[in-house]
Amino acid sequence: MKFINFAIVRFSIFLTIGFLSAHFYPVTTFLLPYLLAFLFVFVLFWFWARKRIFQSVELGIVTYLCFFAIGYVSYQMRLPMFQSNHYTHITTSDIPEMLQLKITETLKDDNFNHKYLAEIYEVNGNNSKGKILVNVSKDSIESRFLVDDLILVYSTISEIPKPLNPHQFDYSKYMKSLGVYGKLHISPKEIIKHQIGAPTLRGFAQNRRARIIEKLQKTKLETDERAIIQALVLGEKKDIDKNLYEKYAAAGAVHILAVSGLHVSIIYFILSFLLKPLSRFKYGSLIQVISIVLSLWGFALLSGLSPSVTRAVTMFSFFALAEVLNRDTNAVNTLFLSYFTLLVIKPFLLFQVGFQLSYLAVFFIIWLLPIFQNIGYSRYKVVRKVWTLIAVTICAQIGVLPLSLFYFNQFPGLFLLTNIVILPFLSIIMCGGILIVILASFDFLPNWLAETYNFLIEKLNWFINWIATQEHFLLGDIHFSALKTISAYLTIIAFALYLKKLTYPRLITSLVTIALLISVYIYDENRYSKSQLVVFQKNRQTLLAYQNGKDLSVFKSDSTENLSHDYPIKAFKTKQNITSYSEKTLPSIFKYKDKKILIIDSLGVYPKHENIHTIILSNSPKINLNRLIDSINPSQIIADGSNYHSYVDRWEETCKLKKLPFSHTAKQGAFLLE
């Protein structure tokens, strides 16, 4: 791994370790004063070491510790607990506040709300800061807000709720990775004032993109085809049909729907080819690079300066500048320079899935591609080009596979076929899409061009649909833990190093990593061997599950519907590594670990004078809970999501008076009995 010799790579590694340490091992003390003191020590070491002939080990250690500390403190500085004027310190839950907001981003709407990200400027007239999620009822305002709009509202800030069932997507955690720590739900009467705020570059870009989308909607482009153009060129995925998106995911082609490094690289190489004649003139190379960088950022503006496009354009801007400043610069060095720069500006990027996958894919392409090119070398240029395309796809897939399995738990077996067919034509589709967007923005899009593009995208969607229907090639519900992910990457790295240089120590290292991976698999098998009873939270339905090792039995009130691939069972099965699954009718009374559990449904029938440990109330039974408790004397009571909230509130008050533990799955989440 010769690239480790680059200083920027080592600095990036220690900066990353600092971020991770601050994230997973936070402290309540603000460490900025200690960092400044440490930097002073570093300066003293530097003055002492620069007069020495040989490099100082002490200076190296202090330098790396400095970058670790910079990463730790930089992450701390972004946390609300270390920002005195953050709105979380000023506002009080359940109490309305006068809030001045500025819309910074539009999000995908849900069934009932327009959704935005906003920056808080004032709370009750006092300066404040912090990002917030804003939900505006669709029927509450006639038109949507635009980026950079200022709104004055009188409303209550609440926490973004955590998932109520185990192993479900944690939207609150995702929002925190964006620096968002609260949400607003606004009704018409809470909007005091609305006006256009001071324009920003990102606001201009996003509003311009919104106007282009409105003009695209007036063209001859079909709905699905227009949504694909918006995703490919404008980075706008909100209008893509859910079923179509799932087909792209099943075919292993979902990456083409998110404007990222792949799309920017296509534009980069096309521009490099078109502007190559400039290099023959004096200062031609500089003009070429400046033109490429400006064009890339022009594309970023066209796509609304979305985060994925911005980081991809930043990455390739570094590649372009490195090429003109030093043609011998290693690509990995340039990659890590862009990685370092982006993380210094926005540390939270490290915890976003798109950022992780993008940099892993590019890194493994740069690192592994020479190995594959040597393996498949041919004297025929056409064969070399085809093999390079295949090798790039394989390298990228190797790089992102463990992390993709960890996050998405599926593997598209036909990814290679999909990418071999699509990638050669993606540049044509991209260039055509950019042309259509430009012409549509000036209201000058010919119908014949729109219909031609419709035809191309229709054929692309047909191919994707055909790949997605080959269900036996789609491996789903794959259990892949964090430990498996780490050990898989160690194995990949060890084997890549061995293939680069066939030595005995590297062979031993590869075998050790394989042994480690096997050990992790064995550990995971035993880790999920426990037994537990889960009362899931699901609206209007009672749902229990008994896990015994890798066997899962689901007890449900609806005997007809199969729930194995539905919320919340599917994610639970995958994460708990379940291999044997069954569904049964919900019993009225059963025993779990010598504890009798009684389920009382809408009929309100229950046995008298039974030795019951836990009572589960479902489907809003009309019972006198005082009398029930006196009769049965249970140890705890659980109300699931099938009950009326008014009933649950009354039951909760009764249990408080009786000093009896009470749980409501709609508030506390799924109840686990181990």
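How many nonpolar, polar and charged residues does the lining of the largest cavity have, by class? The legends below begin with that view; the model shown is predicted.

**Figure 1. The largest cavity and its lining in the predicted model.** The structure holds two cavities of 30 Å³ or more, and the largest encloses about 40 Å³ of space. Its lining is formed by Ala250, Ala251, Pro412, Gly413, Leu414, Ile467, Ala468, Gln470, Phe473 and Leu474. Sorted by class, this lining comprises eight nonpolar and two polar residues, with no charged residue.

**Figure 2. The second largest cavity, lined by residues that include Leu533 and Phe671.** About 30 Å³ of space is found in this cavity. The residues lining the second largest cavity are Leu533, Val535, Ile597, Thr614, Ile616, Ile638, Phe671 and Leu673. Three elements contribute two or more residues each to this lining: β10 (531-535), β16 (614-617) and β19 (671-673). By class, seven of the lining residues are nonpolar and one is polar, while none is charged.

**Figure 3. Gln532 of strand β10 and its side-chain partner Gln547.** Gln532 is part of strand β10. With a relative accessible area of 2%, Gln532 is buried, because the value falls under 20%. A polar contact of 2.8 Å links the side chain of Gln532 to the side chain of Gln547.

**Figure 4. Helix α13, with a kink at Leu368.** Helix α13 covers residues 353-375, a run of 23 residues. At 1.5 Å a residue, a span of 33 Å is expected for α13, and the end C-alpha atoms lie 32 Å apart, so the two values agree. The kink at Leu368 is about 45° and comes shortly before the proline Pro370.

**Figure 5. Helix α14, with a kink at Val400.** The 28 residues of helix α14 run through residues 381-408. Reckoned at 1.5 Å a residue, α14 should span 40 Å; the distance between its end C-alpha atoms is 38 Å, which agrees. A kink of about 45° is located at Val400, shortly before the proline Pro402. Asn409, a residue with positive phi, follows α14.

**Figure 6. Asn409, in the loop between α14 and β8.** The phi angle of Asn409 is near 60°, a positive value in a residue other than glycine. The loop that holds Asn409 connects α14 with β8 (411-412). Is Asn409 buried or exposed? Its relative accessibility is 11%, and because this is under 20%, Asn409 counts as buried.

**Figure 7. Asp594, in the loop between β14 and β15.** Phi of Asp594 is positive, near 65°, and the residue is other than glycine. Asp594 is placed in the loop between β14 (589-592) and β15 (595-600). The relative accessibility of Asp594 is 73%; because this is over 50%, Asp594 counts as exposed. Asn409, by contrast, counts as buried.

**Figure 8. The cis peptide bond between Tyr567 and Pro568.** Omega is about 0° for the bond that joins Tyr567 and Pro568. Pro568 belongs to the loop between β12 (551-556) and α19 (569-575).

How values were computed: Residues are numbered from 1 along each chain as its sequence is written. This is a predicted model: local features need pLDDT of at least 70, side-chain atom pairs count only at pLDDT 80 or more; totals for chains, interfaces and linings use all residues. Side-chain values use heavy atoms; hydrogens and water are left out. Helices (H or I, at least four residues) and strands (E, at least two) are DSSP runs, numbered from the N terminus. The expected span of a helix is 1.5 Å times one less than its number of residues. The bend at a residue is the angle between axes fitted to the seven residues ending there and the seven starting there. On a 1 Å grid over the protein atoms alone, a cavity is a set of points where a 1.4 Å probe fits but cannot get out, and a pocket is an open set with protein on both sides within 12 Å along at least five of seven lines; lining residues have an atom within 4 Å of a point. Grid points are joined across faces, edges and corners, and a volume is the space filled by probe spheres set on the points. Ala, Val, Leu, Ile, Met, Phe, Trp, Tyr, Cys and Pro count as nonpolar, Asp, Glu, Lys and Arg as charged, and the others, Gly among them, as polar. Buried means under 20% relative accessible area, exposed over 50%, partly exposed in between (1.4 Å probe, protein chains only). A polar contact is a pair of N or O atoms within 3.5 Å; within protein, one must be able to donate a hydrogen and the other to accept it, and residues adjacent in sequence count only if both atoms are side-chain atoms.
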